[in-house]
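Q: Please take a close look at the salt bridges in this model, and walk me through the parts of the chain around them.

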Amino acid sequence: MADGTNTEIRLDESTRALVGRIWRGYMRDHLGKIAAGVCCMIVVAVSVGAQARLVEPALDKVLVEGNRTLVWVLPLAFLGVAIVKGFATYGQSVLMQMVGLRVIVTMQSQMFQRLVEADLAFMQGDATGRLLSRFTADVNFLRDAIVKSMTGMARDALIVAVLVGVMFYTDWQLAAVAFIVFPISVVPIVKIGRRLRRVSANTQSEIGSLTAMLDDVFKGARQVKAYGMEAYEKRRADDLFESIFRLFFKAVKTRSRNYPIMEILGGIAVAAIIAYGGYQVLSGETTVGRFTAFFAAMIMAYQPMRSLANLNASLQEGLAAAQRIFSMIDYRPTIVDRSEALPLSVTEGALSLRNVAFSYEPTNRALADVSIALPAGSIVALVGPSGAGKSTILNLIPRFYDVDSGSVTIDGQDVRDITLESLRSTIGLVSQETGLFNDTVRTNIAYGQQDASDEDIIGAATAAAAHDFIAALPEGYDTVVGERGMKLSGGQRQRLSIARAILKNAPILLLDEATSSLDSESERAVQTALRQLMRNRSTLVIAHRLSTVVDADMIYFLDAGRVVESGTHDDLMAQNGAYARLCRLQFRDGENDRQADQPSSLVAQV
């Protein structure tokens with residue numbers, strides 16, 4: 001019993017906290033519009049009460065007493081009240097919905113800001129579809145709750161309050177009889193709302209799972225078809241569809257419980273009023289007009305009271321969505337500027353990792369005591385098997401992640417002691433994932449350099465061996481490249497990525513498998529562009545094809561998160577260790593059909 005009570009208290013406190021936060025953080029800024037909307041609601045409520053009150057003179061004065069003057073006055077009064085009510089209803093609806101929609105836009109903006117500022121670990125730790133569902137499904141639930149609560153709940157509550165006042169003013173004894181039963185309905189309605197909130201939270205979570213699954217299938221459509229997995233994916237989707245159906249249906253059944261409760265209690269109230277009121281009329285204690293006016297007010301109050309019960313259900317669904325939305329808004333990145341951080345001062349562009357250790361998870365160490373030196377203007381290559389830690393090193397340099405121990409420095413300055421903006425502005429990144437957006441070629445090249453002139457953009461594209469194919473596109477530099485650049489070939493996408501890096505003109509360049517997925521012809525074009533990009537820059541290269549980096553100034557061979565060998569190509573071949581074995585294996589298997597000292601090397605002509 002105590003546990004159940006504590007649970008209810010926590011739910012109440014959670015509800016109050018959420019509603020209070022929405023009010024203080026989002027709605028209070030629109031106090032003027034809300035006040036104007038409430039004034040309109042008051043006018044609507046008073047108009048409904050006036051319509052109920054006009055029933056009594058319409059019956060007693062006109063039909064019973066035969067007052068000819070009121071035959072014309074009362075219809076005009078009804079018409080006037082209806083006109084006022086109509087305009088007031090329009091005003092409160094527009095004002096309140098404007099506020100509600102503005103609140104949602106503000107929340108969406110805050111969520112997106114948190115998302116783009118989030119650590120890479122946060123972005124990669126949850127499925128894209130789940131994050132997207134916060135902006136779609138969750139927002140829709142909350143939008144309905146806010147709009148309905150402001151345009152419906154407040155208005156209906158005012159209408160009920162006015163009509164209850166009319167009922168007590170008309171006949172307090174009948175009003176007392178009518179309202180004996182209504183307090184009984186509060187307890188089940190509150191319990192239904194709480195249950196619906198839990199069901200809604202589960203529903204929103206399942207919608208997130210569905211969105212994530214659809215995102216995976218759409219992005220991997222080629223793999224689905226290539227491996228004949230259509231039936232499997234259909235079963236997986238059907239399971240989620242069925243789960244969401246069950247949750248939605250459960251919510252429908254929970255919400256619908258309000259109807260029999262309100263209908264039965266309303267029927268009891270109406271039966272009691274007809275019995276008691278009829279007795280008063282027959283005994284001469286009240287008039288037909290007064291009883292009819294009271295009865296009309298009670299019937300008019302019944303609909304908004306029933307709506308309030310349903311609106312509570314919508315409110316609980318919205319609060320469940322608000323919890324998920326606020327969980328994203330409340331997220332704060334861990335990789336931020338220190339209070340004493342200073343802008344990076346690049347004098348030479350020398351990069352160094354000293355005794356670096358790093359783990360993505362506490363039990364899974366990715367790097368252990370790694371030390372690497374990249375002298376200014378030199379080319380250093382990282383090679384080794386998959387999972388050795390090469391890409392992890394590149395992630396630590398621009399502080400996508402922070403080291404667990406050791407340090408990463410640029411010209412002797414620890415990257416943790418300098419501002420992120422200045423750090424990342426000095427680094428150019430070209431990876432296997434080109435990172436193109438569904439926008440124009442021009443916008444993609446100038447990404448991060450929005451003030452770049454057309455001449456600068458064309459110059460960067462020319463240097464990246466991309467201008468000719470761009471000029472041949474249907475709209476040239478204004479051609480939209482499609483999602484992730486899918487309208488372009490792999491080589492074309494990579495050259496746009498290189499053009500972007502050339503335009504940035506950063507002194508430090510990171511190349512992460514920039515040519516590994518390209519065919520021979522595309523690779524030659526990209527290598528030409530890369531050689532132009534690497535000129536006069538400090539360059540750290542990751543490559544699986546060793547022939548592309550044999551002329552690097554220094555090669556580090558990593559395995560299991562450690563540097564096991566380092567030196568030039570000739571030094572490492574002379575050591576006859578892991579690098580030499582891998583190099584002979586690649587040449588023997590024909591993965592590289594050119595000799596190591598031929599100019600096909602990525603760095604040979606730099």
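**Salt bridges and their surroundings**

A: Let's start with Asp454, which counts as partly exposed at 41% relative accessibility. Keep in mind as we go that this is a predicted model. The salt-bridge partner of Asp454 is Arg442, with the closest N and O atoms 2.9 Å apart. Arg442 belongs to helix α15 (residues 441-445) and Asp454 to helix α16 (residues 454-463), so their contact ties together parts that are twelve residues apart in sequence. Arg442 is partly exposed as well, with a relative accessible area of 23%. The pair also has company: Asp478 joins Arg442 and Asp454 in a network of salt bridges.

Altogether, the structure holds ten salt bridges. Another of them is formed by Arg338 and Asp417, whose closest N and O atoms are 2.6 Å apart. This pair links distant parts of the chain, 79 residues apart: Arg338 sits in the loop between α12 (288-329) and β1, while Asp417 sits in the loop between β5 and α14 (420-425). Arg338 is partly exposed at 38% relative accessibility, and Asp417 is partly exposed at 33%.

Those two loops lead us to a sheet, as β1 and β5 both belong to an open, antiparallel sheet of four strands in the order β2-β1-β4-β5. Its edges are β2 and β5 (413-414); each has a single partner strand, so one side of each is left without a neighbour in the sheet. Strand β1 (residues 351-361) runs antiparallel to β2 (residues 364-374), and seven bridges join them. Between β1 and β2 there is a hairpin connection of two residues. You can follow the pairing through Glu361, whose bridge partner in β2 is Asn364, and through Ser352, whose partner in β2 is Ala373.

For a salt bridge inside one helix, turn to Glu242 and Arg246, where the N to O distance is 4.0 Å. Both residues lie in helix α10 (residues 230-256), four residues apart, which is about one turn of the helix. Glu242 is partly exposed at 39% relative accessibility, and Arg246 is partly exposed at 47%.

To round off the side-chain links, here is a word on the cysteines. A search of the whole structure finds zero disulfides. Cys39 shows this well: its closest cysteine sulfur, in Cys40, is 7.0 Å away, too far for a bond.

Definitions and conventions
Residues numbered from 1 in each chain as written. Predicted model: local features only at pLDDT ≥ 70, side-chain atom pairs only at ≥ 80, totals over all residues. Heavy atoms only, no water. Disulfide = S-S within 2.5 Å. Pairing = 2+ DSSP bridges. Salt bridge = Lys/Arg side-chain N within 4 Å of Asp/Glu carboxyl O. Buried < 20%, exposed > 50% of the residue type's maximum accessible area, 1.4 Å probe, protein only.
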